[in-house]
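Let's walk through this structure together, going from one striking element to the whole chain and then to two individual residues. Keep the 3D view open as you read.

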Amino acid sequence: MSRLRSMTAFARCQSRDEFGELTWEIRSVNHRFLEAHVRLPEELRAIEPVVRERLNQGLGRGKIDCGLRYKAGPGAGGELKVNAALVSQLLDAAGQMMHQMHSSQTPTVMDILRWPGVLEAGEQDFTPVQTAAVQLLEQTIDDLVAARGREGARLGELITLRVAGMREQVAKARERMPVVIQAVRERLAA
């Protein structure tokens, strides 16, 4: 019998690095063609064509549910920048309010930093994260193919057992066939 592979399988791979944590999960069930549903975080949408191509190369067919989770690490974000123009506007507005209210209470540095838009995150280069995600995807696809093979081997064993049971029943029927035919002939003759 040729090597059987099941179409139903699940694989999950995870990696941690300085940029954060990546987790791929892939589920597959039987389907005549390749139908891939891919879910990616917004930061990694650029790799979707590569993901679809790798799924097609590695799996060929099946209904595939493929998802990636990304949790940024503490050092993964870009540098924080202070919006100096907004800080200047806030300080001017605070000065006017202090003058109008005859108050001497000035806003603290933390009050200013908490104001929406004062702190801006710098742009992060996601190229290393994308590269790591594609490498981890390949490992996850390999794990899924291996899981399909293991499940197929179990199915093959079950099929072999069933075929052996059917052969046994056929052999018993062949042994009894002359007796059954004779009994039918006698009934017809009577």
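Start with helix α4, which covers residues 127-189. In this predicted model, how far apart are the end C-alpha atoms of the 63 residues of helix α4? They lie 88 Å apart, and this agrees with the expected span, because 1.5 Å a residue should give 93 Å. While you follow α4 along, pause at Arg 176: a kink of about 45 degrees lies there, shortly before the proline Pro 178.

Now zoom out to the chain. The protein chain holds four helices and six strands, and from the N terminus on their order is β-β-β-α-β-β-α-α-β-α. Along its principal axes, the C-alpha trace spans about 125 × 35 × 25 Å. The radius of gyration tells a matching story: the protein chain has 34 Å, whereas a compact globule of 190 residues would have a value near 16 Å.

What share of the 190 residues counts as buried? The figure is 28%. The protein chain exposes about 13500 Å², and carbon and sulfur atoms supply 54% of that area. Turning to contacts between residues at least 6 apart in sequence, 78% of them join residues at least 24 apart.

With that picture in mind, let's visit Gly 62, which sits in strand β4 (residues 62-72). Is Gly 62 buried or exposed? Gly 62 counts as buried because its relative accessibility is 0%, and the cut-off for buried is under 20%. Leaving aside neighbours within four places in sequence, Gly 62 is in contact with Met 7, Val 29, His 31, Phe 33, Leu 34, Glu 35 and Arg 148. Take Leu 34 from that list: although 28 residues separate Leu 34 and Gly 62 along the chain, their C-alpha atoms are 4.9 Å apart. Arg 148, also in contact with Gly 62, brings us back to α4, since that helix runs over residues 127-189.

Our last stop is Glu 25, in strand β2 (residues 20-29). Glu 25 is buried too, because its relative accessible area is 16%, again set against the cut-off of under 20%. Which side chain does Glu 25 join through a polar contact of 3.0 Å? The partner is the side chain of Arg 12. Not counting residues up to four places away in sequence, Glu 25 touches Phe 10, Ala 11 and Arg 12, and also Asp 65, Cys 66, Gly 67 and Arg 69. Among these, Asp 65 and Arg 69 fall within the residues 62-72 of β4, the strand where we met Gly 62.

Methods: Residues are numbered from 1 along each chain as its sequence is written. This is a predicted model: local features need pLDDT of at least 70, side-chain atom pairs count only at pLDDT 80 or more; totals for chains, interfaces and linings use all residues. Side-chain values use heavy atoms; hydrogens and water are left out. Helices (H or I, at least four residues) and strands (E, at least two) are DSSP runs, numbered from the N terminus. The expected span of a helix is 1.5 Å times one less than its number of residues. The bend at a residue is the angle between axes fitted to the seven residues ending there and the seven starting there. Buried means under 20% relative accessible area, exposed over 50%, partly exposed in between (1.4 Å probe, protein chains only). A polar contact is a pair of N or O atoms within 3.5 Å; within protein, one must be able to donate a hydrogen and the other to accept it, and residues adjacent in sequence count only if both atoms are side-chain atoms. Contact means heavy atoms within 4.5 Å. The radius of gyration is taken over C-alpha atoms; the globule rule is 2.2 Å times the number of residues to the power 0.38. Accessible areas come from the Shrake-Rupley method with a 1.4 Å probe; for residues, only the protein chains shown count as cover.
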